[in-house]
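Me: I am new to this structure and would like a close look at a single part of it. Please take one helix, work outwards from there, and keep the sentences short.

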Amino acid sequence: KEMQDRAHANRENARERLSEPDKYTLPVTNKHRSSGINAEYGGIGYPNRWPVSSHVPKVFPNVFELLKSVHACWTPQIRSNIDPKFAEIYSVEPTTLNVLVPSGSPSKNPLSLHAPASLDLLKGARIVFESYRDHSYTLLGVAATHADEFYSIQDLCTLLTNSIFAFLEHFENRHIKLLLKLFIQPFVSNCPEKLHSTLLDPIIVPFVRFMFHRLNTDWINVEQREKVVTEKSTKEQEILEIFENKVLQDLTLEFMSWLDHLCGLNYVVAKEEICIPVVSCLIGCLNWPSSSVRKAGKILLDMLPSLLMVNKYHEMIGGEMLKCALHTLFTSKQVEVVSELTGLATEIYVSMYKQSETPRGLLEMIPNINQTRLQKLEKDLEDTTDKKKQRQTFKKFLDEFGIVTQMKKPNILDLPERLFLTKVAPEWAEKPLDLDPIFNETKTEM
């Protein structure tokens, strides 16, 4: 009876706690509240503010300074002053790399480079750096999603530029991916429209240009590395190279995802100083040997109707955009990109060949294509308004003149040699199995 009364009392207490407002959750301010109040940024948009809200303007400048210090630790000036025996704190945590190594005996793992004592010390230093970085990005990302006070911080744009965007050129790709995912994505999504000119304009264009330069350089290096025949590398070098390529691919896809969201905002097309760098970046992405080509083509295809409504963008669309789409169709070995790029090229040509001579002149530069053949193509495109049939007609035209290469999905034999890792066999597999007892007719008593 006493236990039943205690259980009943606990249930009542729990019910009372659930009925009280949650004091430990930041109130959502960028959506309609359940009470019907439309919260607004830059002002008191909700009643009963979170108790710690008043401290946000005082706390976050310190967070910015902390991030600036962490980022500065990756600059050559500071790294050169680190004792060589502690230089490993900048490397990737071995447990992160071990996911690329088949399971086996830990003693045979080529990444077990340190003695336990030094490993504990280095691991602790890595955890400090990574924790400061990850938790600061997460905290700023949450602040960008909640609470008006974040956007009321004085000189917020200057603080962001001098801290979270400081020393970007020394970031590793894995760090930029975290920055994109944890902070920049929610920051751009939730920035008040009335603050776009003061917060987003000074940040978007420099960041997009930096990202394109970084990723373009890395993908060029990947292409060159695949063409050069080098001496047989060690297993550790192979694993590090695969890990770097994997991080580069992940960062590229994260960047494409962010650009997709950014281009979905009217903010981009409406401002020429923002639109031209972003679209130019997407056009340049079509040349990368990555699955991001498909994503970039899709983003451009979705933006095309809005871009065509602005006359100042026509030269860029009928020139560089169509040229890069055709070039990628001719040179790429990725069969997955044919649909998006063919659709993009078709939409550009159908929309612009009557308005501008640029698309027709671009196709006339291809050998064996003349005015007569182009007139027949244009007549075939005009005979139907179905997008799918127009795309098929244009692709057939490109196939006729060898623009679309004969693509095939990669075979296992086409993969580069470095992707084949020697598996570490467990101890029980080192001895040959004795299969005779399995087929022995005599039964063994248990």
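Me: The part I would like to look at is helix α7: where does it lie, and which residues of α7 and α9 make the contact between them?

Reply: What follows starts with the whole chain, turns to α7, and then moves to other places in the model.

This is a predicted model. The protein chain has 18 helices and zero strands. It counts 446 residues, and 41% of them are buried. Take the contacts with a separation of 6 or more: 76% of them join residues 24 or more positions apart.

Now α7 itself. Helix α7 covers residues 173-190. Its partner here is helix α9, residues 235-263. Two packed helices are described by the angle between their axes and the distance between the axes. For α7 and α9, the axes come within 9 Å and cross at roughly 15 degrees. Angles under 35 degrees count as roughly parallel. The two helices α7 and α9 are therefore roughly parallel to each other. The crossing of α7 past α9 is left-handed.

Which residues make this contact? On the α7 side they are N173, R174, I176, K177, L180, K181, I184, Q185, V188 and S189. On the α9 side they are V247, L248, D250, L251, E254, F255, W258, H261 and L262. By class, the contact of α7 with α9 has ten nonpolar, four polar and five charged residues.

Next, a residue of α7 that is absent from that list. H175 lies in helix α7. It counts as buried, because its relative accessibility is 1% and buried means under 20%. Set aside the neighbours within four places in sequence. H175 is then in contact with W74, E130, R133 and Y137.

Two more residues of α7 lead outwards. They are R174 and I176.

Start with R174. S91 touches R174, and also R126, not counting residues up to four places away in sequence. S91 lies in a loop, between α3 (76-79) and α4 (94-97). At 26% relative accessibility, S91 is partly exposed. Another residue to compare with S91 is L122, 31 residues away along the chain. The C-alpha atoms of S91 and L122 are separated by 9.7 Å.

Now I176. R214 is in contact with I176, leaving aside neighbours within four places in sequence. The contacts of R214 also include N173, where α7 begins. The others are L168, E169, H170, F171 and E172. R214 belongs to helix α8, residues 196-227. Is R214 buried or exposed? It is buried, with a relative accessible area of 13%. One pair shows how the chain comes back on itself in sequence terms: R214 and E169 are 45 residues apart in sequence, and 8.2 Å apart in space, C-alpha to C-alpha.

Just before α7 there is a loop, and it holds F167. F167 sits between α6 (156-162) and α7. Its phi is near 60 degrees, a positive value in a residue other than glycine. F167 counts as partly exposed, at 28% relative accessibility.

A residue elsewhere can be set beside F167. N368 is in the loop between α15 (358-364) and α16 (371-382). Phi of N368 is near 75 degrees, again a positive value in a residue other than glycine. N368 is exposed, with a relative accessible area of 68%.

There is also another helix pair to set beside α7 and α9. Helix α11 covers residues 272-285, and helix α13 covers residues 314-331. Their axes come within 8 Å and cross at roughly 25 degrees. That makes α11 roughly parallel to α13. The crossing of α11 past α13 is left-handed. From α11, the residues V279, S280 and I283 take part. They meet M316, E320, M321 and C324 in α13. This contact of α11 with α13 has five nonpolar, one polar and one charged residues.

Last, a helix taken alone. Helix α2 has 17 residues, 56-72. At 1.5 Å a residue, α2 should span 24 Å. Its end C-alpha atoms are 24 Å apart, so the two values agree. Buried residues in α2 are V56, F60, V63, F64, L67, V70, H71 and A72.

Back to α7, to close. It runs roughly parallel to α9, and it holds the buried residue H175.

Key:
Residues numbered from 1 in each chain as written. Predicted model: local features only at pLDDT ≥ 70, side-chain atom pairs only at ≥ 80, totals over all residues. Heavy atoms only, no water. Axes fitted to C-alpha atoms, helices over the stretch in contact; angles between N-to-C directions. Helix = DSSP H or I, 4+ residues; strand = E, 2+ residues; numbered from the N terminus. Parallel < 35°, antiparallel > 145°, perpendicular 65-115°, else oblique. Left-handed = near helix turned anticlockwise from the far one by under 90°. Contact = heavy atoms within 4.5 Å. Nonpolar A, V, L, I, M, F, W, Y, C, P; charged D, E, K, R; others polar. Expected span 1.5 Å × (residues − 1). Buried < 20%, exposed > 50% of the residue type's maximum accessible area, 1.4 Å probe, protein only.
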